[in-house]
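User: I am new to this structure and would like to learn how to read it. Can we go through strands, cores and pockets in turn?

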Amino acid sequence: IFPNDVTTAMNLVTLTDVPTNTDAGASGGLDMMAGGGFFVENTVLPLNLTSFFGSVVDYNINLTWKTENQINFDRFELERSLNSGSSFEKITTITVGSTQQGNYNFSDINIARRNNKVYLYRLKMINMDGSYSYSNTVAFKFSKTSSFGIFPNVIKQAQIFNIQIADNGNFNNYNVSIIDNAGRIIKNMRELQNGQYPISSSDFKPGIYFIKIESGEVKKTLKLIVQ
């Protein structure tokens, strides 16, 4: 609504030359007053990850997380690192459906078989438009160790001795070699697991022997004396 003294030549955008002294005569009086305006942007709040943690059950790592505000959210990509976080690899994708909140879990099966490794996990949280963010990182380290023994380790010729493998749940397969003092392999045994293995020394001449036990990064050498 404009008063009669406002013309089309006036600047009605910046209100720089609109009259402010319109009289209240027969044509009525209405002055313009500059003001402000505002608008509302429809902003979607980002996904809220309320928790992300894990636990060890038997030889599996079980990961659990909870979320809120899953609006315009597409999926999770669970990533794992075996090199202290220098790089991560995707191990699974979890879609969320149409719910606005959720409880999720995933089990990394038999991961504990890799002895003395540090396992790092994180979630890549991906929106419908392709944008994404990362969760906090959770870490696990298994301290399971293997131990080995020979008893008795000093024997008479043709006497039985025992090789003991205490694997402590790592499920490794061990290759065992018996080597004489000249470096010759006297006996080979393959893919031994947790247990006790009796061996006859009937073919062993008196002297010093070395029992070499190997599985991947695990290497152990024990000494046997035959009198």
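User: Let's begin with strand partners. Which residue in β14 does Q164 stand opposite?

Analyst: One point before that: this is a predicted model. Now the partner. Q164 stands opposite Q196 in β14. To read a pairing, look at the direction of the strands and the number of bridges. Here β11 and β14 (residues 195-200) are antiparallel, with 6 bridges between them.

User: What is the bridge partner of G149 in β11?

Analyst: Q164 again. The strands concerned are β9 and β11, joined by 5 bridges. They run antiparallel. So follow Q164 sideways: G149 is a bridge partner, and Q196 stands opposite as well.

User: How do I read a whole sheet? What is the strand order in the open sheet of 5 strands?

Analyst: List the strands as they lie side by side. The order is β10-β16-β15-β12-β13, and the pairing is mixed. Then look for the edges. β10 (154-155) and β13 are the edge strands, each pairing on one side only.

User: How many bridges join β15 to β16?

Analyst: There are 9, and the two strands run antiparallel. For one position in this pair, take G207, which stands opposite V226 in β16.

User: Now the side chains. How do they point along a strand?

Analyst: In a regular strand, side chains alternate between the two faces of the sheet. Next, see which residues gather in a core. The largest nonpolar core here has 20 residues. Those with the most contacts inside it are F161, I163, I178, I211, I213 and L224.

User: Which strand gives the most to this core?

Analyst: β16, with 4 residues. Several strands each supply at least two, among them β11 (160-166), β12 (174-180) and β15. There is also a second, separate core of 19 residues, which includes L49, W65, I94 and Y119.

User: Can we zoom in on one core residue? What does I178 touch?

Analyst: Leave out residues up to four places away in sequence. I178 then touches residues including F161, I186, M189, F204, Y209 and I211. R184 and K187 are also among its contacts.

User: Last, pockets. What lines the second largest pocket?

Analyst: Read the volume, then the lining. The volume is about 170 Å³. Lining residues include D180, R184, D203, K205, P206 and Y209. The lining divides into 6 nonpolar, 2 polar and 4 charged residues. β15 (residues 207-215) gives the most to this lining, with 3 residues. Note the overlap: R184, I186, F204 and Y209 line this pocket, and I178 touches these residues too.

Definitions and conventions:
Residues numbered from 1 in each chain as written. Predicted model: local features only at pLDDT ≥ 70, side-chain atom pairs only at ≥ 80, totals over all residues. Heavy atoms only, no water. 1 Å grid on protein atoms, 1.4 Å probe; cavity = no way out; pocket = protein on both sides within 12 Å on 5 of 7 lines; lining within 4 Å. Points joined across faces, edges and corners; volume = space filled by probe spheres on them. Nonpolar A, V, L, I, M, F, W, Y, C, P; charged D, E, K, R; others polar. Core = buried A, V, L, I, M, F, W, Y, C linked by side-chain atoms within 4.5 Å. Buried < 20%, exposed > 50% of the residue type's maximum accessible area, 1.4 Å probe, protein only. Contact = heavy atoms within 4.5 Å. Pairing = 2+ DSSP bridges.
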